[in-house]
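Trainee: I am new to this structure and would like to look closely at one part of it. Please pick a good place to start, and then show me how it connects to the rest.

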Amino acid sequence: KGLGFWGLVGAVFFATAGGPYNIEPAIQAAGAWPAVLTQLCVSLCWSFPVALVATELSAAIPMNGGRILWAQKAFASRPWFADMLAFVMGSLIALHALIDLAVYPGLVRTYLGQGTGGECPEWVGFVALGIAVVLNLQDLDLVGKTLVIFGACVILPFLVIVVEAVPLVPAGYEVMLQSTPRIDYAVLLSTVIWNNSGYDICSVSAGDIDDVQHTLLPAMGLTCFLVAIQYMVPMALGAVVDPNFSHWENGYFTEVGAMAVGEWFRGVMALGGVCASMGLMNSRLRFAAQNLASMAQLGLLPAAVGKTLESGAPIVAVFAYASGVVALVVMDFDLAILFEVCAVICCGMIIAEIFLFLMLREVAPDLDRPFRIPFGTAGTALVLLPAVVVSAVGVALNRVEAVAALGVVVAAAAAAHMMLAAVKLAVPVMFVDPERDARAWEPCPTVELKEQRMDV
């Protein structure tokens with residue numbers, strides 16, 4: 001069963017934010033009003049434009065693959081380069097997702113420890129990962145509905161904090177207008193961007209969304225609004241509860257909840273953190289696995305990687321990611337260093353995505369677009385320019401080593417593609433042939449035609 005409206009809202013919400021948890025370093029870096037203002041600007045200038053791009057292209061090309069398909073379509077006149085670019089983009093998504101997923105088992109342990117007052121053993125994180133794997137072997141609609149439940153469990157505790165904090169505003173509203181003596185712009189912007197990235201990842205499962213041409217736009221609009229509000233309101237009112245910005249480390253909302261409501265509420269906030277971590281892990285695991293499966297189904301990876309169950313779950317890709325996460329956790333990699341690479345990948349991919357979007361406006365002007373960003377190509381480019389600027393600043397704020405690492409990853413992905421292309425020539429039966437297997441990426445003008453193609 002495909003992903004319905006509310007399931008899509010839950011999936012995009014957790015692919016992007018998953019609740020106000022982990023936004024706390026933005027307050028520590030800058031104070032209340034700079035953090036809230038930065039969140040507002042990023043929502044309007046970065047998140048919303050990216051969501052519009054993903055909506056237009058997903059509705060125009062309602063098939064699984066997302067940015068991989070867009071790259072192939074944009075450079076259709078150069079098939080070899082199109083495949084290489086699609087492979088590189090798919091590889092960057094895969095690496096980003098793997099590093100991201102490796103964090104959540106540890107976060108589950110952290111929040112459980114905050115709730116119980118002790119330290120959780122490592123196997124608890126692996127159990128959480130196992131639950132995510134089992135859930136992601138079900139159909140996407142069930143995953144989406146489960147994420148809606150997780151979302152309610154995350155948001156409700158913050159609503160209680162807001163209710164308790166509002167009476168404190170008349171006496172402490174000055175705190176909401178304060179900033180730190182010295183604003184750390186790098187931490188501020190990178191934290192806010194990291195906690196708002198992911199609106200475009202749902203495009204990788206566009207073919208699994210029910211009536212994507214009419215469902216995606218309202219779902220994206222609602223999610224953009226929810227994500228912005230669920231960050232800005234708790235940050236502003238949380239600062240009234242504890243005006244000492246130096247306390248605002250990752251996970252500090254648990255302490256704020258205990259201060260605003262009572263010590264007993266610490267456990268409730270910790271449970272919300274567990275739900276947030278589980279929701280993030282489930283959503284990003286499914287979309288990341290679908291990215292690998294789509295690469296296989298388009299002939300970029302061996303066909304076995306794209307194997308799916310009757311539920312539509314990409315079983316091989318799901319287990320591949322689970323194995324990678326276990327390996328990263330067991331080997332105890334320094335994820336802080338890898339996060340910088342992830343931040344550069346995230347911002348760089350947004351710039352590339354907008355470039356592909358504008359290219360498709362030029363090379364495929366007759367592509368049926370049920371939803372189209374207005375203003376024409378030139379006007380749309382101006383609308384998307386702030387997102388490019390924010391992404392470029394996000395790249396510039398990271399260390400040169402992280403940017404260089406991105407270059408190394410791109411070169412390695414290009415080399416891997418060439419080696420796989422050679423294997424494909426030698427052993428073609430290992431790979432899907434898009435023309436032979438009727439899995440071509442050409443856009444389908446209507447949902448009915450898409451279903452006919454999939455039936456073939």
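Mentor: Happy to! Let's start with helix 3, which contributes four residues to the nonpolar patch, the most of any contributor. Please keep in mind as we go that this is a predicted model. The patch is a surface feature of about 600 Å², built from Trp 33, Leu 37, Leu 40, Leu 44, Tyr 173 and Leu 177. Take Leu 37 as your first stop: this leucine lies in helix 3. Its relative accessibility is 41%, so Leu 37 counts as partly exposed.

Now look for Thr 55, which also has its place in helix 3, a helix that runs over residues 32–60. Is Thr 55 buried or exposed? With a relative accessibility of 2%, Thr 55 counts as buried, because buried means under 20%. So one helix holds both a partly exposed leucine, Leu 37, and a buried threonine, Thr 55. If you set aside the neighbours within four places in sequence, Thr 55 is in contact with Leu 216, Leu 217, Met 220 and Phe 371.

Hold on to Met 220, since this methionine leads us to the nonpolar core. The largest nonpolar core has 143 residues, and those touching the most other members are Trp 46, Trp 70, Tyr 199, Met 220, Met 281 and Tyr 321. Helix 13, covering residues 265–297, supplies the largest share of this core, with 15 residues. Tyr 199 is a good one to examine. Apart from neighbours within four places in sequence, Tyr 199 is in contact with ten residues if you follow the list: Val 12, Thr 16, Ser 47, Val 50, Ala 51, Ala 54, Met 220, Thr 223, Cys 224 and Val 227. Met 220 therefore appears among the contacts of Thr 55 and again among those of Tyr 199.

Cys 224, another contact of Tyr 199, invites a question about sulfur. How many disulfides does the model have? The count comes to zero. Cys 41 is in no disulfide, and the nearest cysteine sulfur, in Cys 45, is 5.7 Å away. For Cys 224, the closest cysteine sulfur belongs to Cys 202 and is 9.9 Å away, which is too far for a bond because a disulfide needs the two sulfurs within 2.5 Å. The surroundings of these two cysteines can be read from their accessibility: Cys 41 is partly exposed at 38%, while Cys 224 is buried at 11%.

Next, let's turn to charged side chains. The structure holds eight salt bridges. One of the charged groupings is a network of salt bridges that links Glu 56, Arg 361 and Arg 369.

Another bridge joins the side chains of Arg 67 and Glu 353, at 3.5 Å from N to O. This pair links distant parts of the chain, with Arg 67 in helix 4 (residues 67–74) and Glu 353 in helix 15 (residues 335–363), 286 residues apart. Both partners are covered: Arg 67 is buried at 8% relative accessible area, and Glu 353 counts as buried at 2%.

Helix 13, which we met in the core, takes part in a bridge as well. Arg 284 and Asp 100 meet through their side chains, at 2.1 Å from N to O. Here Arg 284 sits in helix 13 and Asp 100 in helix 5 (residues 79–101), so this pair also links distant parts of the chain, 184 residues apart. Arg 284 is buried, with a relative accessible area of 11%, and Asp 100 counts as buried at 3%.

For a local bridge, look at Asp 141 and Lys 145, whose closest N and O atoms are 3.1 Å apart. They are four residues apart in helix 8 (residues 140–165), so about one helical turn separates them. Asp 141 is buried at 8%, whereas Lys 145 is partly exposed at 44%.

Let's finish at Leu 420, in helix 17 (residues 400–426). Leu 420 is partly exposed, because its relative accessible area of 21% is not under the 20% that buried requires. Beyond neighbours within four places in sequence, its contacts are Phe 87, Leu 300, Leu 301 and Phe 431. Leu 420 and Leu 300 are 120 residues apart in sequence, and their C-alpha atoms are 7.8 Å apart in space.

Technical notes
Residues numbered from 1 in each chain as written. Predicted model: local features only at pLDDT ≥ 70, side-chain atom pairs only at ≥ 80, totals over all residues. Heavy atoms only, no water. Helix = DSSP H or I, 4+ residues; strand = E, 2+ residues; numbered from the N terminus. Buried < 20%, exposed > 50% of the residue type's maximum accessible area, 1.4 Å probe, protein only. Contact = heavy atoms within 4.5 Å. Patch = residues over 30% accessible without salt bridge, like charges linked within 9 Å, V, L, I, M, F, W, Y side chains within 5 Å. Areas by Shrake-Rupley, 256 points an atom, 1.4 Å probe, with all protein chains shown as cover. Salt bridge = Lys/Arg side-chain N within 4 Å of Asp/Glu carboxyl O. Core = buried A, V, L, I, M, F, W, Y, C linked by side-chain atoms within 4.5 Å.
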